[in-house]
Structure formats: C-alpha cells, structure tokens
Amino acid sequence: MKLRLFLFTLLVINSNYLFAEQAKGITVVGKASIAKAPDQFKVVFTFEQRTAIIAKAKAKIDQQTNLLTRSAKAMRIKDDDIKTTSVQVVPIYPKPNTNLHRVYVEQDFNQGDGVVALNSNAESKTKAKPNRRAEIVFDLRRQVEVILTDVDDYERLLDKALKIGVTRISPVQSSLAKAETLYQQALTQAVANAKTKALRLAENLGVELGPVQMLNEHAYRAPGQVMMAAEAFDGVRQMKSYSGTSEISAEVTVTFMLKSN
C-alpha cells in the first residue's frame, strides 16, 4: 500500500514538473512546400508474340528488344535509364469440350420392366483425337522500360518503337528525379518558418526565446508517379510548358523554451 502511494505521488510530481516546463515554452508548427514541374518520364514498351514454336518467337522478340534498346542509346539516353525484362512465357491450353451429348430412352419407363437402353450421340460420331502438344500455344512477352528526361525524345522513340513492331505502350508516368533533395530543402524552410512564428509570438508576449526543447518531424510522403495519357503528354511536348506541378511539403512541430527574466 505504501509502495503504491509512493509511486502515485512520484507520478503526480513528474506530471506537474512536465506541465510547468511546457508552460515555460512556446510550441509552433512550421510548414513549407516546394512546387516543381515533372522532370522525368517513364514509358514501358511491350513486345508480344503468340506461337506454337517458342524458339522462333523468342528470337524475334529478342531482336525487337535489342533494336529498341540500341535506338534509345543512340538518342543518348543513359544505360541506367533503360531496363529490359526477361522473356515471359505463358502456355495457353485448348479449352475442354463442355458440350453435353444428347441421351434418349428407347422404352418408356411406364411400360413395364423391359430393358431400357441409353444411347449417346457421341457413339455415332468419330471419337475426338487426343490433345497433342501442337495444340498448345504460348504467349511470349518482353518489356523495355525507358526513363526520359527530355519530352522531345518521346515522339522520336515512339516512332522507332512502332516501326520495330511494338504491340503495347503504357501511359507515360511523370515524376521528380530529385524528390528527396527537394524535401530536404522544404524541411529546412519548415524549421525556419517555425522559428519565425515563435519569434513573433515571443515578441508580442514581451518574452525572449530560449533553446529548442523539442522538435518533431511529421510523416512525409513523396509525391508518386502521375499517369499521363499519350494525348496529354503530346500536348506538353508541343506547348513546351508544364501546367501540372508536383508539390513536396514538409511540416515540423517545435517547442522553444523561454528565458527567465
């Protein structure tokens, strides 16, 4: 009992002490944001083949992939900005025959205990040949991912891909190449914003700021990639203007102590 009373008393003293310390400080929230137009664009080109002979189709897809890769490098796109996947092979099996055969009864059940014969129309037809391996086809797919830093390169690369025989082109994804660097800049500005607020409050209250007692960085989420349709991306290319921007924000909570007079 005495131990519980002692612990309770200690908790009350600590709580009062913390409250007194907080009462001597000023807590402010600092915010900052940086808006910037996207400066890199990702597009994925897909080459596909459906065939019963894998080796021949794979050779063709590999050739198309290599041609597009060389075309991108000829446009001075960095090697690190060009990624190719391995060939994906998916077997496509023939669909099973789910049609039900007709069955009829040669004698009415109500006419006694005569023999009832069941016949199927399948008997009159030639038996289906068993599935052979040649009936199985394969879908082959390989992708080339390219990151562009110049919007003018998109149309040139698109034209080359179409001539090579690309079968699918993903929507363009725009993003910021140096999002983390921009966030660090925004974070510095947020801290400066918090200090400016605290100084103004202290001046209005006729007190003087002391050292920082506590600083918390709020959760941060970098702006994700934005999907752009080909038409919208083409409009950006022609206008030479990025109407859309990505905003990187930072937010902190700072508690400043007050100097005693």
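Start by selecting Asp153: at 11% relative accessibility this residue counts as buried, where buried means under 20% relative accessible area, exposed over 50% and partly exposed in between (1.4 Å probe, protein chains only). You're looking at a predicted model, where local features need pLDDT of at least 70, side-chain atom pairs count only at pLDDT 80 or more, and totals for chains, interfaces and linings use all residues. Residues are numbered from 1 along each chain as its sequence is written, and side-chain values use heavy atoms, with hydrogens and water left out.

Now add Arg156. Arg156 and Asp153 form a salt bridge, their closest N and O atoms 3.2 Å apart; the term calls for a side-chain nitrogen of Lys or Arg within 4 Å of a carboxyl oxygen of Asp or Glu. Both residues sit in helix 3, three residues apart, about one turn of the helix. Unlike buried Asp153, Arg156 is partly exposed at 44%.

Next, show all of helix 3, residues 152–164. Helices here are DSSP runs of H or I with at least four residues, strands are runs of E with at least two, and both are numbered from the N terminus. Colour Asp153, Tyr154, Leu157, Ala161 and Ile164, the buried residues of this helix. Looking down the axis of helix 3, they fall within an arc of 100°, so they line one face; the arc is taken from the directions from the helix axis to the C-beta atoms. Spin to the other side for Leu162 and Lys163, which are exposed. Just after the helix comes Gly165, with a positive phi near 115°.

Over to Asp62 and Arg142. Their salt bridge has its closest N and O atoms 2.7 Å apart. The pair ties together distant parts of the chain, 80 residues apart: Asp62 is in helix 2 (residues 54–74) and Arg142 in strand 7 (residues 137–148). Asp62 is buried at 16%, and Arg142 is buried at 15%.

For something busier, pick Glu48, Arg141 and Arg168, which are linked in a network of salt bridges. A search of the whole structure finds ten salt bridges.

Last stop, a sheet. Select strands 1, 12 and 10: they make an open sheet in that order, with antiparallel pairing. Two strands pair if DSSP finds at least two bridges between them. Strand 1 (25–36) and strand 10 (209–217) are the edges, each pairing on one side only. Strand 1 and strand 12 (residues 246–258) share twelve bridges; look for Gly25, whose bridge partner in strand 12 is Met257.
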